[in-house]
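The following exercises concern the secondary structure, burial and surface patches of one protein. Each task is followed by a solution in steps.

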Amino acid sequence: TGMTLMVLLLLFLAFNLVWIVKLPDIRWDYSRSQIHTLSPTVRHFLNALESPVDLYYFNANNAPARSPAMKRYGKRIEDRLKEYEKAARGMLNLHLIEPARFSEDAYKAELFGLDDEAGFLGLIGTRAGHGAQRIESFSLDREPLLDYEISHLIYKLQHPERPIVGLISGQAMEESAGRLLKT
């Protein structure tokens, strides 16, 4: 009987090791306002993405000026961005960057205009052939708007604004500008 139990235990473990990776990732959100899952509207928006988007999440978690509440909020933002990446099915590429002081990553974050008041906590979005969009810093005051801010950044990358061209009447135009207006 001891040998039979040992064989059954080994078969049980082998079965679980093989099939555990194939089981779906199931999560239940029991919060009242469902804040830990993406809304159906956000999921539909992510399924309708037309071209790939790269998101660079800067989170200087070890910054000395960072409060414990901001560290937890930074982790929640990271988890939410991972959900976005998973729901987008390959159209959204998330890059997690933890810039150390005086590093190349910190220099890049400064170039993109991220706020370094309490350590970098911002998001940069890029799309091939278009300019970058950014969320300079995440704030605990705007925590209820987290999904909106991230979705709005992705929307601005998918639908960039067209440049506005203005003409001043009564001014003499050079020959090249006149040809441009005739076509």
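**Exercise 1.** Locate glutamate 110 in the predicted model and classify its accessibility.

*Solution.* Glutamate 110 lies in helix α4, which spans residues 104–111. Its relative accessibility is 49%. Exposed requires over 50% and buried under 20%, with partly exposed in between; glutamate 110 therefore counts as partly exposed. Together with Asp115, Asp116 and Glu117, Glu110 forms a negative surface patch.

**Exercise 2.** Determine which nonpolar residues form a patch on the surface, and place leucine 9 within the fold.

*Solution.* The patch consists of Met3, Leu5, Met6, Val7, Leu8, Leu9, Leu10, Leu11, Phe12 and Leu13. Their accessible area together is about 1,000 Å². Leucine 9 belongs to helix α1, residues 2–19. With a relative accessible area of 43%, leucine 9 is partly exposed.

**Exercise 3.** State how strand β1 is paired with β2, and explain why β1 is described as largely enclosed.

*Solution.* Strand β2 covers residues 92–97 and runs parallel to β1, to which 6 bridges join it. One of the bridge partnerships links tyrosine 57 to leucine 96 in β2. Strand β1 covers residues 53–59, and 5 of its 7 residues are buried, so the rest of the structure largely encloses it.

**Exercise 4.** Summarise the secondary structure and the extent of burial in the protein.

*Solution.* The protein contains 6 helices and 4 strands. Along the sequence, their order is α-α-β-α-β-α-β-β-α-α. Of the 183 residues in the protein, 29% are buried.

Technical notes: Residues numbered from 1 in each chain as written. Predicted model: local features only at pLDDT ≥ 70, side-chain atom pairs only at ≥ 80, totals over all residues. Heavy atoms only, no water. Patch = residues over 30% accessible without salt bridge, like charges linked within 9 Å, V, L, I, M, F, W, Y side chains within 5 Å. Areas by Shrake-Rupley, 256 points an atom, 1.4 Å probe, with all protein chains shown as cover. Salt bridge = Lys/Arg side-chain N within 4 Å of Asp/Glu carboxyl O. Lys, Arg positive; Asp, Glu negative; His and termini not counted. Charge placed at Lys NZ, Arg CZ, Asp CG, Glu CD. Helix = DSSP H or I, 4+ residues; strand = E, 2+ residues; numbered from the N terminus. Buried < 20%, exposed > 50% of the residue type's maximum accessible area, 1.4 Å probe, protein only. Pairing = 2+ DSSP bridges.
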